[in-house]
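Biologist: Got a minute to go through this model with me? I'd like to start with the cysteines.
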Amino acid sequence: MPALPILIAALALAQPGGDRWSQSIPPGRGPRPPVRVGNNNNAASDYFRVWDSITTQELLALSTACAEVHDLNTLTPERRELLNRHASFVNDLIAATGTTDCDWGVAYDEGWNMLLPHLGTCRQSSRILRADAIRCLREGSMIAAIERIRAMLRLSVHSARDGLLICTLLGVAIGAQATDAAAYLLDTGKVTPAHARMLLAAFREIPRTNFYNISTAIENELAVTLRWLSTECNGDNAGYKFGRLLATFDPSFGSPLNPVYGLNEQQFWAHVDRAARYFQEISKAMLLPDGGARVEELEMELLEYQHGLVAVAVTPPMSRARQALLTLQKRFDAMERRLQDLGRSE
């Protein structure tokens with residue numbers, strides 16, 4: 001999973017519209033839950049049950065329509081009718097977000113081949129909740145609109161539970177979307193001080209320590225990679241095996257002229273050790289208030305191969321991830337100040 005192309009895609013999740021589903025999804029039910037997802041007090045199993053309650057085509061049609069709903073002007077009669085038709089789906093989705101524990105059953109031992117079937121549907125679910133919040137606003141139910149924003153915030157935390165960078169960035173994207181929706185409610189001038197306090201409580205539910213699991217994600221990316229490479233890349237041609245693995249994810253690594261192909265086992269693992277130290281340095285600097293310069297310095301060193309061949313191959317642009325996190329932190333802080341001021345205005 002930490003393969004470079006997939007992690008670059010992960011960074012796109014922090015941008016609007018970064019994970020649109022293919023239009024060629026076959027008909028049928030929703031994504032299959034991993035075998036490891038249990039049924040006891042686990043939000044993940046609740047989510048999968050909700051997604052399985054309608055067909056994949058219905059979910060795609062609903063989420064595609066909702067992706068265009070940003071305000072009352074974009075809530076067309078057709079989109080409003082579609083949301084009303086799927087009211088039970090939305091209510092079940094809100095209920096699923098209310099379960100605290102969430103384990104998506106990720107098979108970390110499969111390394112870069114692990115599957116994360118929940119990512120696309122989490123983003124779709126966020127769009128649906130946002131659109132339905134605006135529908136509730138249109139129908140005069142501010143409390144119901146706030147309930148849907150609160151569900152988005154809880155979904156954002158659940159999305160980041162896996163301790164992988166792509167999951168952290170999905171959580172950040174959903175958190176940003178929830179903040180946009182809350183700002184829109186406030187801008188209508190219809191939010192009362194009591195409503196503001198409800199919204200404030202929802203934002204304060206988001207843990208600020210290890211924001212969206214970022215430190216865990218960086219450390220876990222390294223641990224997952226090391227465990228998997230230890231089984232896949234060994235022997236005198238360890239570098240060649242590593243190069244062939246990379247080529248399955250990124251064709252630019254397919255040339256045997258790439259220097260990584262010539263590494264024997266000892267040389268290869270020396271480069272892996274250097275990559276591990278790089279990840280540790282990045283983890284330290286990631287969320288420090290003044291850590292941006294250090295992250296950029298490390299990335300420049302990376303491009304100059306100061307951290308070895310393996311680090312270059314498996315490391316995404318961390319400065320972009322850091323910026324996405326810090327931007328959302330600042331937006332949360334500003335939103336909380338705004339809600340506090342309104343909540344005290346009675």
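Biologist: Is Cys-102 buried or exposed?
Modeller: Cys-102 counts as buried, at 11% relative accessibility. Keep in mind that this is a predicted model.
Biologist: And Cys-167, buried or exposed?
Modeller: Cys-167 is buried, because its relative accessibility is 0%.
Biologist: How many disulfides does the structure hold?
Modeller: The count of disulfides is 0.
Biologist: Why no bond for Cys-102?
Modeller: The closest cysteine sulfur belongs to Cys-122, and it sits 7.4 Å from the sulfur of Cys-102. That is too far for a bond.
Biologist: What about the sulfur of Cys-167?
Modeller: Its closest cysteine sulfur is in Cys-122 too, at 8.6 Å. That is also too far for a bond.

Biologist: New topic. How many cavities of 30 Å³ or more turn up?
Modeller: Searching the whole structure gives 2. The largest has a volume of about 40 Å³, and the second largest about 30 Å³.
Biologist: What lines the largest one?
Modeller: Leu-222, Thr-225, Leu-226, Leu-229, Val-272, Ala-275, Phe-279, Val-310 and Val-314. Three elements give two or more residues each: α10 (214-232), α12 (265-285) and α14 (308-314).
Biologist: Which element gives the largest share?
Modeller: α10 does, with 4 residues.
Biologist: How does that lining split by class?
Modeller: It has 8 nonpolar residues, 1 polar and no charged ones.
Biologist: Tell me about Thr-225, then. Where does it lie?
Modeller: Thr-225 is in helix α10. It counts as buried, at 6% relative accessibility.
Biologist: What does the side chain of Thr-225 reach?
Modeller: The backbone oxygen of Glu-221, at 2.8 Å.
Biologist: Back to the second largest cavity. Which residues line it?
Modeller: His-70, Arg-130, Ala-133, Ile-134, Ile-149, Ala-181, Tyr-184 and Leu-185. The elements giving two or more of the lining residues are α6 (118-138) and α8 (165-187).
Biologist: And the classes of the residues there?
Modeller: They divide into 6 nonpolar, 1 polar and 1 charged.

Biologist: Let's switch to the backbone. What is the phi of Asn-210?
Modeller: It is near 55 degrees, a positive value in a residue that is not glycine. Asn-210 belongs to the loop between α9 (193-204) and α10.
Biologist: What is the phi of Asn-213?
Modeller: About 65 degrees, so positive again, although Asn-213 is not a glycine either. Asn-213 is also in the loop between α9 and α10.
Biologist: How accessible are Asn-210 and Asn-213?
Modeller: Asn-210 counts as partly exposed, at 26% relative accessibility. Asn-213 is buried, with a relative accessible area of 19%. The cut-off matters here, because buried means under 20%.

Biologist: Okay, charges. How many salt bridges are there?
Modeller: The whole structure has 18. One of them pairs Glu-139 with Arg-80, at 3.2 Å from N to O.
Biologist: Where do Glu-139 and Arg-80 sit?
Modeller: Glu-139 is in the loop between α6 and α7 (142-159), and Arg-80 is in helix α4 (residues 77-85). They are 59 residues apart, so the pair links distant parts of the chain.
Biologist: How exposed are Glu-139 and Arg-80?
Modeller: Glu-139 is partly exposed, with a relative accessible area of 36%. Arg-80 is partly exposed as well, at 25%.
Biologist: What does Asp-333 form a salt bridge with?
Modeller: With Arg-208, and the closest N and O atoms are 2.9 Å apart. Asp-333 is in helix α15 (residues 318-343) and Arg-208 in the loop between α9 and α10, so the pair ties together parts 125 residues apart in sequence.
Biologist: How accessible are Asp-333 and Arg-208?
Modeller: Asp-333 counts as partly exposed, at 32% relative accessibility. Arg-208 counts as partly exposed, at 31%.
Biologist: What about Arg-294 and Glu-301?
Modeller: Their side chains meet in a salt bridge, at 3.9 Å from N to O. Arg-294 is partly exposed, with a relative accessible area of 28%, whereas Glu-301 counts as buried at 15%.
Biologist: Last one. Which residues do shared salt-bridge partners join into one network?
Modeller: Arg-80, Asp-132, Arg-135, Glu-139, Glu-147 and Arg-148.

Notes: Residues numbered from 1 in each chain as written. Predicted model: local features only at pLDDT ≥ 70, side-chain atom pairs only at ≥ 80, totals over all residues. Heavy atoms only, no water. Disulfide = S-S within 2.5 Å. Buried < 20%, exposed > 50% of the residue type's maximum accessible area, 1.4 Å probe, protein only. 1 Å grid on protein atoms, 1.4 Å probe; cavity = no way out; pocket = protein on both sides within 12 Å on 5 of 7 lines; lining within 4 Å. Points joined across faces, edges and corners; volume = space filled by probe spheres on them. Nonpolar A, V, L, I, M, F, W, Y, C, P; charged D, E, K, R; others polar. Polar contact = N/O pair within 3.5 Å; in protein donor to acceptor, adjacent residues only side chain to side chain. Salt bridge = Lys/Arg side-chain N within 4 Å of Asp/Glu carboxyl O.
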